[in-house]
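This report walks through one structure, from a single residue outward to the pocket, the sheet and the helices. Please keep the sequence and the model in view while reading.

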Amino acid sequence: MGDRTQEDRIREYATKTVRLGSRLNDTALLRAVIARMTKTFSLLPPDALELFLSEARRLYITVMPDTGFPFGMKTKSEETPEIRRYAITMHKEHMEWSEDLFIGAMLHELGHVAARRPPEQEWPRGKKERAEFKERLEARADALVWKWGLRHYSMRHLTATYPEHYVERIVKAIAQTLLEEDLSWNE
């Protein structure tokens, strides 16, 4: 038995991490999501990839049925006494997106995981403070994607998701985050 290649490790990790939600029993869909996730993980720089493969960041990805409304992907974190875990929820409709748009959106979500997005109960309580905090979290996730050298995927996701004037605002926030924060993800 030979050594597992990096690609084998990534595929095994994606297979272990991706699950179908309730009311979905579609082997072809599961294989397609695993293939896209394998490609997405393979784009990460080695130290960021190792966060996931080593399970320094506990992650699971659930594919849910479509809701009838267009929803983006979403990352949540939950704290247990032992460890913080992260859950990315995507919908079946996301597999209809072009590969570059899917990868851009998923990299954004992986940025949240790498940056240790806190559980919502740890967020500020006030409405304004909470909104500002959420904006900083979003900018930090995108800034990590840029720091990973994958800005083009981030821009593909942003331009497909937001109107041009809002994209300009987000890009400024990302640039400011890159200037102000130490974006270390391998602690």
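## Glu138 and its contacts

Leaving aside residues up to four places away in sequence, Glu138 touches His108, His112 and Arg117. The model is predicted, and side-chain atom pairs count only at pLDDT 80 or more. Glu138 is found in helix H5, which spans 127–147. Is this residue buried, exposed or partly exposed? Its relative accessibility is 22%, so Glu138 counts as partly exposed. The cut-off for buried is under 20%.

Glu138 also has a distant partner in sequence to consider. Ile174 is 36 residues away along the chain, and the two C-alpha atoms are separated by 8.7 Å.

## The largest pocket

How much space lies in the largest pocket? The volume is about 660 Å³. The lining has 27 residues. Those closest to the pocket centre are His108, Lys134, Glu138, His157 and Tyr162. Two residues named here already appeared together above: Glu138 touches His108.

Which elements give two or more residues to the lining? One is a strand, S3 (74–79). The others are helices: H4 (99–114), H5 (127–147), H6 (151–161) and H7 (164–180). By residue class, the lining divides into twelve nonpolar, nine charged and six polar residues.

## The sheet

Four strands form an open sheet. Their order is S1-S2-S4-S3, and the pairing is mixed. Why do S1 and S3 each have one side without a neighbour in the sheet? Strand S1 (18–20) and S3 stand at the edges with a single partner strand each, so one side of each is left without a neighbour. Direction ignored, neighbouring strands are turned by 25 degrees against each other on average.

Now the pairings, strand by strand. S1 and S2 run parallel and are joined by three bridges. Leu20 has Val63 in S2 as its bridge partner. S2 (residues 58–64) and S4 (residues 84–91) also run parallel, with seven bridges between them. Here Leu59 pairs with Tyr86 in S4, and Thr62 stands opposite Thr89 in S4. S3 and S4 pair in the antiparallel sense, over six bridges. In this pairing Lys74 stands opposite Thr89 in S4. Thr89 thus faces Thr62 and also Lys74.

## Cover over the strands

How many residues of S2 are buried? Five of its seven are, and the strand is mostly covered. S4 is mostly covered too, with six of its eight residues buried.

Two helices lie across these strands. Helix H2 (residues 27–43) lies across S1, S2 and S4. It runs at about 155 degrees to S1. H4 lies across S2, S3 and S4, running at about 160 degrees to S4. H4 also gives two or more residues to the pocket lining, and His108 is among the residues closest to the pocket centre.

## A buried alanine in H3

Ala48 lies in helix H3 (residues 46–53). Its relative accessibility is 0%, so Ala48 counts as buried. What separates its C-alpha atom from that of Leu144? The distance is 9.7 Å, for two residues 96 apart along the chain.

## Two loop residues with positive phi

Two residues other than glycine deserve a look at the backbone. Arg23 has phi near 70 degrees, a positive value. Where is Arg23 placed? Its place is in the loop between S1 and H2. Arg23 is exposed, because its relative accessible area is 73%.

Glu55 has phi near 65 degrees, also a positive value. This residue lies in the loop between H3 and S2. Its relative accessible area is 25%, so Glu55 is partly exposed.

Notes. Residues numbered from 1 in each chain as written. Heavy atoms only, no water. 1 Å grid on protein atoms, 1.4 Å probe; cavity = no way out; pocket = protein on both sides within 12 Å on 5 of 7 lines; lining within 4 Å. Points joined across faces, edges and corners; volume = space filled by probe spheres on them. Nonpolar A, V, L, I, M, F, W, Y, C, P; charged D, E, K, R; others polar. Pairing = 2+ DSSP bridges. Axes fitted to C-alpha atoms, helices over the stretch in contact; angles between N-to-C directions. Contact = heavy atoms within 4.5 Å. Buried < 20%, exposed > 50% of the residue type's maximum accessible area, 1.4 Å probe, protein only.
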